[in-house]
Amino acid sequence: MEPKALLWLRYVSIFVFLAAVFQTAVAVTHYTIPEEMDEGSVVANLVSDLGLDLNSLSKRKIRLDVVANKKYLDVNKDTGELYILEKIDREYLCTSKSATTCVLKVDATLENPIRMFNIELEIMDINDNAPRFRRDTMHLDISEATAIGERFSLTNAVDPDTGSNSVKTYYLSENDHFSIEIQTGRDGSKFADLILKKSLDREKQALHDLILTAVDGGVPARSGTASIIVRVLDTNDNAPQFGKESYTINLTENAPIGSLVLKLNATDKDEGANSDLFYSFSLYTSEKTQQTFSLNPDNGEIRVKEIINYEDFRIYDMEIIATDKGSNSLSGKCKVKILVTDINDNNPEISIKSFSSPVKEDIPVNTVIAVVSVSDKDSGENGQVDVHISDDLPFALKESSDNYYELLVSEPLDREKVPEYDITITVTDRGNPPLSDNETITLELLDINDNVPQFPQTFYTIPVMENNAPGALLSSLTAIDPDLHENQYLVYFIIEKEIVNTSMSMLFSINPENGNLYALKTFDYEIEKEFLFHIEARDSGVPPLSSNVTVHIIIMDQNDNTPLIVSPWRAHGSVVEEKIPRSTDKGTLIAKVIAIDSDSVHNSRITYQFLHNTDATLFSLDQYNGEIRTMRMFSYRDSRHQQLVVIAKDNGEPALSATVTVKLSTVEIALKTYADMTEVPLGYDIFSDLNLYLVIGLGSVSFLLLITLLVTIVLKCQKTKPSKAAPPCRNSVISSERNSTIADSTLVSNDAYWYSLFLAETRKGKLVVRQPVPKGARYIVSSLPRSTGLTETSDSAASTLQVRSHFIVYIFIILCKSIMTYEAPNRR
């Protein structure tokens, strides 16, 4: 049951209940009004219709019930008129179209006393609603193959009005293919069917846009429209078609592979798969054509697949088929003719008929080393060729016969400058544009022994520090020979040369393979200072070639000799005791310390210093000449015993030194000089026994020395001269450049068993004979004339002359000692 019916049932129940309680009679008043009346419109006068007193109406509080939460009507209490409070929509109030009438029931209630009235308000329909389709647009897919007369259902229109105000008929917009047929339902509703009255053709018109109009029967009539879109579905009813039935294309030969020849474009009026095309060669297209050209099945592009040669094939015929992809596929055909255009497409060719490689680098000029032939398949100027090689190469081309050329040596070759040649022979035709070809041959040159080994330097100066380890590497003397193989393999030799009966191979050794020079012995700068010899490098060619280089070995001095104090002489230990008179004047020479060093000039420069001085105000020491002098006269406060420690230090790095202790004792006796205390004086009487013995001894020694010199000279004259290249070995020579008590030149020898002689220049010019040097000492000092300077001698320090001279000096010293022993008692 509908909600409004339930509402009216409720009202009826209430009315019955009230009637039973109040036993009041209820009357029903019926009114008829059209819907959509304006607000405030008067429906009727209840006072007159219900027989009420207008004056008591407001006192009795008349009221109307609310229907469906809306209060459509109200009563004017002043006039008693029933009027429209809110517009009444019949379609909203009575939703059921099956009901023929629409009644609005309202209960009016009065108080004092209570009375109820039933008011029925019949709502009359007016044509206030237009027909409306449920869908504004209707889509229909109809195949173009659909038969005429086919019926298609359409959505009907609805109109909330009733009766003649509802949908009455439909109209279709004018078109050639469709019409409508109106049908009536059981409920009286109207709907239309779409009928195909003419065949569809999608290729002519793929879409049909129709307008369907629904019209009601109201006055005035209202209408509503809907759009009908008919999409015509395609059928494969059109075959693909080419723009032309045949195509003729001119294509130059040697067109690049992949270049486009022709793009075919077939069309199909269908759509979808029915218009998707693929291209293929027909069976009438030759296999050669299909090998030469490719056909893209998707876009119809014909491209070059292989090199096209006019001389091989000049015309290509092909038939192309375009087929669609419909269920019942259709196809179209066209013919393509490709005409090949001739161009100068044949390169000249070159061929090496004969080639000699490798060849010796001294190959004679004009010798033929290769024969080449050239050709060109083209004719006319395109077949005429020119042959050439680079002008920078020592070769030339000479035509020997038709299209044959000889490659000759035009200049002398030298493998050391260019070991091989890449000879490019180029042949060019006379076409336009010209074409060319080239061939490169590599000529390798064989080496001959035509280069002498070369040292980077012509003279090598090699410094060698003395005291070197035997076998130490001095230098690497490597020569270079640009030849190859055995002509390049070098062997190194020391050119033999004797120096004082000593072969260079005993002093030095060279590795024959790499030229490393080694020392075979330890060198001593004080004995050997330099060597000069030659090194030869010889290759292994046939015949062998060689060259030599001069090597100058310079022995560098090392501070390896400690200074030796030779004065004052210490016979027993390193302490020297001297006596001096207490009355010695200021500046008197007390002692002179003399030290010698067998190193070179730089390392042998000696300076003197006090390590200990009992009284620093009493004595001074000259740092250069070693003289100890008094700085003042002795006083009674000075100790009788003074001790001086003197250090002699050389200038080497690190410095070496020696010390001597001088103990001085002062005496009260009158002594002549310091020299009288330390020397053995000889009387001035030339006729004394001592003088006589000395004269005899000196004469004997001089005679023996003269004999020895003569014998030595004779022996030396009989020996072979030493090589000029060998440098003389020099013994170390100490040259006194300062004021010294020894001679200007003193020769130092290594023989520790000889005695030393000093020719001292003292204050009184006395001859001083010192005690012998202790056994094991290194130095022997013998006097030399002041003008001697540097003394040169051979490497053999113990030569016959030196031994005999020392022997004579030894006899002389023994003789002098015997005389002094003999005279000693007499002096006492």
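The points below go through aromatic contacts, salt bridges and a surface patch in this structure, which is a predicted model.

1. On the aromatic contacts in general, the model holds 12 aromatic pairs. One of them joins Phe242 and Tyr279, whose ring centres lie 6.2 Å apart with the planes at 55°. The pair counts as tilted because its angle falls neither under 30 degrees, as stacking would need, nor over 60, as an edge-to-face pair would need.

2. The placement of that pair along the chain deserves a remark of its own, since Phe242 and Tyr279 link distant parts of the chain, 37 residues apart. Phe242 belongs to the loop between β16 (223–233) and β17 (246–252), whereas Tyr279 belongs to strand β19 (residues 277–281). Both Phe242 and Tyr279 are buried.

3. A further aromatic pair is made by Phe455 and Tyr460, with 6.5 Å from centre to centre and 80° between the planes, and this pair is edge-to-face. Phe455 has a relative accessibility of 10% and therefore counts as buried, and Tyr460, with a relative accessible area of 9%, is buried as well. For both residues the assignment follows because buried means under 20% relative accessible area.

4. Two other features involve aromatic rings. Phe508, Phe523, Phe531 and Phe533 are joined into a cluster by ring pairs. Separately, Lys529 places its charged end over the ring of Tyr525, at 4.7 Å from the ring centre.

5. Turning to charged side chains, the model holds 19 salt bridges. Among them is the contact of Glu181 with Arg151, in which the closest N and O atoms are 3.2 Å apart. Glu181 lies in strand β13 (residues 178–184) and Arg151 in strand β10 (residues 151–153), so this salt bridge ties together parts that are 30 residues apart in sequence. Glu181 is partly exposed at a relative accessible area of 32%, and Arg151 is likewise partly exposed, at 39%.

6. The salt bridge between Glu416 and Arg415 has an N to O distance of 3.0 Å, and its two partners fall into separate accessibility classes. Glu416, at 22% relative accessibility, counts as partly exposed, whereas Arg415, at 6% relative accessibility, counts as buried.

7. Arg629 and Glu627 also form a salt bridge, with 3.0 Å between the closest N and O atoms. Here it is the arginine that is partly exposed, Arg629 having a relative accessibility of 29%, while Glu627 is buried, with a relative accessible area of 9%. Elsewhere, Arg202, Glu203, Asp234 and Glu271 are linked in a network of salt bridges.

8. A last point concerns the surface, where Phe703, Leu704, Leu706, Ile707, Leu710, Val711 and Leu715 form a nonpolar patch with about 610 Å² of accessible area together. Leu704, one of the residues of this patch, lies in helix α8 (residues 689–718). With a relative accessible area of 39%, Leu704 is partly exposed, and this value is compatible with its place in the patch because patches are made of residues with over 30% relative accessible area.

How values were computed:
Residues are numbered from 1 along each chain as its sequence is written. This is a predicted model: local features need pLDDT of at least 70, side-chain atom pairs count only at pLDDT 80 or more; totals for chains, interfaces and linings use all residues. Side-chain values use heavy atoms; hydrogens and water are left out. Patches are made of residues with over 30% relative accessible area and no salt bridge: like charges are joined within 9 Å, nonpolar side chains (Val, Leu, Ile, Met, Phe, Trp, Tyr) within 5 Å. Accessible areas come from the Shrake-Rupley method with a 1.4 Å probe; for residues, only the protein chains shown count as cover. A salt bridge is a side-chain nitrogen of Lys or Arg within 4 Å of a carboxyl oxygen of Asp or Glu. Helices (H or I, at least four residues) and strands (E, at least two) are DSSP runs, numbered from the N terminus. Buried means under 20% relative accessible area, exposed over 50%, partly exposed in between (1.4 Å probe, protein chains only). Rings of Phe, Tyr and Trp (its six-membered ring) pair if their centres lie within 6.5 Å; planes under 30 degrees apart count as stacked, over 60 as edge-to-face and the rest as tilted. A charge sits over a ring if NZ of Lys or CZ of Arg is within 6 Å of the ring centre and within 35 degrees of the ring normal.
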